[in-house]
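Please explain how this protein chain is arranged, beginning with its strands and ending with the unusual points of its backbone. A reader new to structural biology should be able to follow each step.

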Amino acid sequence: MSETVTHVGSGKVRELYALDDDRLLLVASDRISTFDVVLPTEIPDKGRVLTGLSAFWFAQTGSLVPNHLLALRDDGRSTECKRLEMLPIECVVRGYLAGSGWKDYRATGEVCGHRLPAGLVESQQLPAPIFTPATKALEGHDENIDRAAGAALVGESRYDEVERLSLELYRTVSKRAASLGIILADTKLEFGVDESGQLVLADEAFTPDSSRFWPADEYTPGGPQPSFDKQFVRDYCESLGWDKTYPGPELPADVVEGTRARYIEAFERLTEIEFDAYAERPEVVLG
Ligand code: PZK
């Protein structure tokens with residue numbers, strides 16, 4: 001009695017398998033990427049932390065929008081998911097000005113066609129969160145697009161629907177995070193459509209790999225913010241003068257341990273569940 005699983009895709013740090021015609025298995029590894037390069041050293045439990053957090057948010061937001069989560073496996077790093085027709089856009093919401101949003105604003109005063117007030121500084125909170133979709137690049141970076149380009153890819157009414165849902169999800173999750181001392185600067189969501197034509201939230205949601213989390217007590221607008229999870233890794237890599245091409249550097253034990261602790265801290269603060277309890281019984285995050 002064993003299933004035949006077919007590998008159907010790889011992300012930088014995740015793998016995707018087909019279980020049958022209707023179900024996929026999403027497996028989060030312990031690999032870590034920085035400056036777009038996957039490092040040769042793993043962070044123990046990173047895959048379980050991200051899987052648990054994502055499942056937690058799916059459970060917390062299930063009343064706002066259906067999601068693809070069918071089951072969490074006992075290993076804590078694998079989720080069985082409903083197979084969907086994925087939309088060809090990344091649904092990004094920004095509450096703060098960072099990354100490509102900051103870059104585009106500095107160049108044009110706009111992000112994805114949203115004209116913003118003059119004089120904003122890097123990492124500043126926006127007057128209101130904005131929906132800033134991007135194309136899905138097969139290689140290299142996703143390209144930010146405006147409403148017209150997004151609507152051309154998914155249709156006007158689908159665009160309106162994912163915009164409304166993405167903003168609602170961001171508001172819900174950022175509110176909880178803020179109450180726990182963590183800023184959700186921005187987040188990237190992916191939606192698919194099920195057999196009945198309903199929108200379904202897919203992929204991973206509100207994890208440190210799909211979102212910028214900043215510790216609120218260190219927030220200082222006017223420059224880049226320290227990353228909640230990856231700052232030790234970035235600082236160590238910068239200290240080496242590495243040119244950010246493959247292969248990346250091995251990480252020393254103290255950087256691995258410090259980074260693992262930050263992932264676990266993010267999990268425990270955002271869920272208010274002990275990571276050991278999750279490791280013992282992953283369904284604890286489903287409420
Ligand atoms: C799907 N990806 C991205 C993620 C990878 C690739 N529920 C779904 N139905 C159909 N397709 C996908 C999903 C989801 N989630 C997601 N590509 C297809 C991806 C993780 C690892 F290799």
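Two strands are said to pair if DSSP finds at least two bridges between them. The model described here is a predicted one. With that rule in mind, the start of the chain can be read strand by strand.

Strand β1 and strand β2, the latter covering residues 14-18, pair in the antiparallel sense over 4 bridges. The link between β1 and β2 is a hairpin of 3 residues. Across this pair, G9 stands opposite L16 in β2. A hairpin also leads from β2 to β3, this time through 4 residues. Strands β2 and β3 run antiparallel and are joined by 5 bridges. Here Y17 has L25, in β3, as its bridge partner.

A further pairing involves strands that come later in the chain. Strand β7, made of residues 78-82, runs antiparallel to β6, and 3 bridges join the two. Within this pair, A71 has E80 of β7 as its bridge partner.

These pairings can now be assembled into a whole. An open sheet is formed by 5 strands in the order β1-β2-β3-β7-β6, with antiparallel pairing. Its edge strands are β1 (6-10) and β6 (69-72), each of which pairs on one side only. From one strand to the next, the twist averages 25°. As a general point, the side chains of a regular strand alternate between the two faces of the sheet.

What packs on this sheet? Helix α1, residues 46-61, does so, touching β3 (23-28), β6 and β7. The direction of α1 makes about 135° with that of β6.

The next topic is enclosed space. How many cavities of 30 Å³ or more does a search of the whole structure find? The search finds 1. About 120 Å³ of space lies in the largest cavity. Its lining consists of 13 residues, and L26, T51, S54, T79 and E204 are those that lie nearest its centre. The elements giving two or more residues to this lining are β3 and α1. Helix α1 supplies the largest share, 5 residues. Thus β3 and α1, which touch each other where the helix packs on the sheet, also contribute to the lining of this cavity. Sorted by class, the lining of the largest cavity has 6 nonpolar, 4 polar and 3 charged residues.

Open spaces may be considered in a similar way. The second largest pocket has a volume of about 160 Å³. Of the 14 residues that line this pocket, Y96, Q125, P129, Y170 and S174 lie nearest its centre. Two or more lining residues come from each of β9 (89-96), β12 (125-131), α4 (156-179) and β14 (182-193). Strand β12 gives the most, with 5 residues. By class, the lining of the second largest pocket has 10 nonpolar, 3 polar and 1 charged residues.

Helix α4, one of the elements lining that pocket, also offers an example of a contact between charged side chains. Side chains of opposite charge can pair when their charged atoms come close. For a salt bridge, a side-chain nitrogen of Lys or Arg must lie within 4 Å of a carboxyl oxygen of Asp or Glu. R158 forms a salt bridge with E161, and their closest N and O atoms are 3.1 Å apart. Both residues lie in α4, 3 residues apart, which is about one turn of the helix. A search of the whole structure finds 27 salt bridges.

Finally, two points in the backbone deserve attention. Most residues other than glycine have a negative phi, and most peptide bonds are trans. Where does S123 lie? S123 is found in the loop between β11 (114-115) and β12. Although S123 is not a glycine, its phi is positive, at about 75°. The second point concerns a peptide bond: Y246 and P247 are joined by a cis peptide bond, with omega about -10°. The place of P247 is in the loop between α5 (231-240) and α6 (253-271).

Conventions
Residues are numbered from 1 along each chain as its sequence is written. This is a predicted model: local features need pLDDT of at least 70, side-chain atom pairs count only at pLDDT 80 or more; totals for chains, interfaces and linings use all residues. Side-chain values use heavy atoms; hydrogens and water are left out. Axes are lines fitted to C-alpha atoms, for helices over the stretch in contact, and angles run from 0 to 180 degrees between N-to-C directions. Contact means heavy atoms within 4.5 Å. On a 1 Å grid over the protein atoms alone, a cavity is a set of points where a 1.4 Å probe fits but cannot get out, and a pocket is an open set with protein on both sides within 12 Å along at least five of seven lines; lining residues have an atom within 4 Å of a point. Grid points are joined across faces, edges and corners, and a volume is the space filled by probe spheres set on the points. Ala, Val, Leu, Ile, Met, Phe, Trp, Tyr, Cys and Pro count as nonpolar, Asp, Glu, Lys and Arg as charged, and the others, Gly among them, as polar.
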